[in-house]
Amino acid sequence: MKKLMAITMLCLILISCGEKKKEVAQHMSSPVKLKALIIDGQNNHYVWPKTTMMMKDYLEQTDLFTVDIERMDSVWLGIKYNKTRPEAYESFIETYPLKDKTYQVSNSPIKTSDFTLNFSDYDVIISNLGSDSPLWPVKTREAFESYMKNGGGLVVIHAADNAWGDWEEYNKMIGLGAWGGRNEKSGPYVYYNNEGELIKDTLAGVCGSHGPEYEFQLTTRAPEHPIMKGIPEKWLHTPDEMYERMRGPFENATILATAYADVEKNAPPWDPNVTGLGQHVPQLMAINYGEGRVFHSTLGHFDYSMQCVGFITTLQRGTEWAATGKVTQKVPVDFPSADASNSRPWK
């Protein structure tokens, strides 16, 4: 009996040790997720409360990220450009609130900010800000510059490149910007001509332009870059604004993809003095800033624009690259072709 009890105890101990080893092995095999933060709160596109949630979901779908949201200390919904859209002006902020926080919503852009953040808590920051976002305090700007120079990651989406035209270091981070008080003193227009030459055009003129929303084709310009590797040379993007005439220092920057800004098709109907540039203009860029990395996408004007599989894929891959310098994700089988866009309805 004593021998039997001893054998039984030994078996239990061995089973227990085996289970503990299994738990340790499983824990060690589970990679630590990257920490991402989306900053929003002031954007001239009133859909931004929804697009923040869309991007959070898209990043979490990769199983690579945990995603937090930080709302600016001042909140402005922006502009309802198209009065025929069915949803009420405040519908997005009401449908997609931050439930754990309270904030005041202003009827007009707020000019000052006391925003502060410990950026080093995150591997990558995603900006869903926009035109008229108030400039951060000096200490916050300096902290962000230090974060980026020491290896931080930044993702700039659509109107986030409209912000802070008078912040010199931010202009270096994003490579090229639009509107925000920028002009020829901010830097040249940068584009590819029809011969495939990269042009830096110092011609005087506006900074920032686009035509009506429509489907347009993107051309991959850096096929070996980790973000673009495996993405088709040409692919059709769902209706969106095609940003052009952006300006900036364009230092340590790589154009990942362009679109052709047709003279007539990309002319703003609200400004008869401006036509489309007639050149192949940047839509996706990668910028190195110190030890940090920036993925800059001009895509994503409205929620349907972000449902494009091309937008989703480049957001996911660009965010991973900005955080780590590498991309481990495969290009999905439903990625758009040269002749057909493809969208995934988001709920």
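Which backbone nitrogen lies 2.7 Å from a polar atom of the side chain of D73? Keep that one in mind; point 3 below has the reply.

1. First, the basics. What you're looking at is a predicted model, so take every value here as computed from it. The protein has 347 residues, and 53% of them are buried. You'll find 7 helices and 12 strands, and the C-alpha trace spans about 100 × 45 × 40 Å along its principal axes.

2. A couple of overall figures. Take the contacts with a separation of 6 or more: 75% of them come from residues 24 or more positions apart. As for the outside, the protein exposes about 16,400 Å², with carbon and sulfur atoms supplying 53% of that.

3. Now D73, and the opening question. The nitrogen belongs to D114: its backbone N is the one 2.7 Å from a polar atom of the D73 side chain. D73 also uses its side chain for a polar contact with the side chain of S113, at 3.0 Å. If you skip the neighbours within four places in sequence, D73 is in contact with S113, D114 and F115.

4. Where does D73 sit? Look in strand β2, which covers residues 65–76. Is D73 buried, partly exposed or exposed? Its relative accessibility is 44%, so it counts as partly exposed. For a sense of distance, try A222: D73 and A222 are 149 residues apart in sequence and 38 Å apart in space, C-alpha to C-alpha.

5. On to the aromatics. There are 21 aromatic pairs in the structure. One to pull up is Y46 with Y89: their ring centres are 6.0 Å apart and the planes meet at 15°, so this pair is stacked. It ties together distant parts of the chain, 43 residues apart, with Y46 in the loop between β1 (34–42) and α2 (48–61) and Y89 in the loop between β2 and α3 (91–95).

6. The two partners in that pair have their own accessibility labels. Y46 counts as buried because its relative accessibility is 2%, while Y89, at 29%, counts as partly exposed.

7. F115 deserves a second look. Besides being in contact with D73, F115 belongs to an aromatic cluster together with F119, W136, F144, Y147, W164, W167 and Y170.

8. Last, two arginines over rings. R71 lies over the face of Y103, 5.1 Å from the ring centre. R85 does likewise with F302, lying over its face at 4.1 Å from the ring centre.

Terms used. Residues numbered from 1 in each chain as written. Predicted model: local features only at pLDDT ≥ 70, side-chain atom pairs only at ≥ 80, totals over all residues. Heavy atoms only, no water. Helix = DSSP H or I, 4+ residues; strand = E, 2+ residues; numbered from the N terminus. Buried < 20%, exposed > 50% of the residue type's maximum accessible area, 1.4 Å probe, protein only. Contact = heavy atoms within 4.5 Å. Polar contact = N/O pair within 3.5 Å; in protein donor to acceptor, adjacent residues only side chain to side chain. Phe/Tyr/Trp six-rings, centres within 6.5 Å; stacked < 30°, edge-to-face > 60°. Lys NZ or Arg CZ within 6 Å of the ring centre and 35° of its normal. Areas by Shrake-Rupley, 256 points an atom, 1.4 Å probe, with all protein chains shown as cover.
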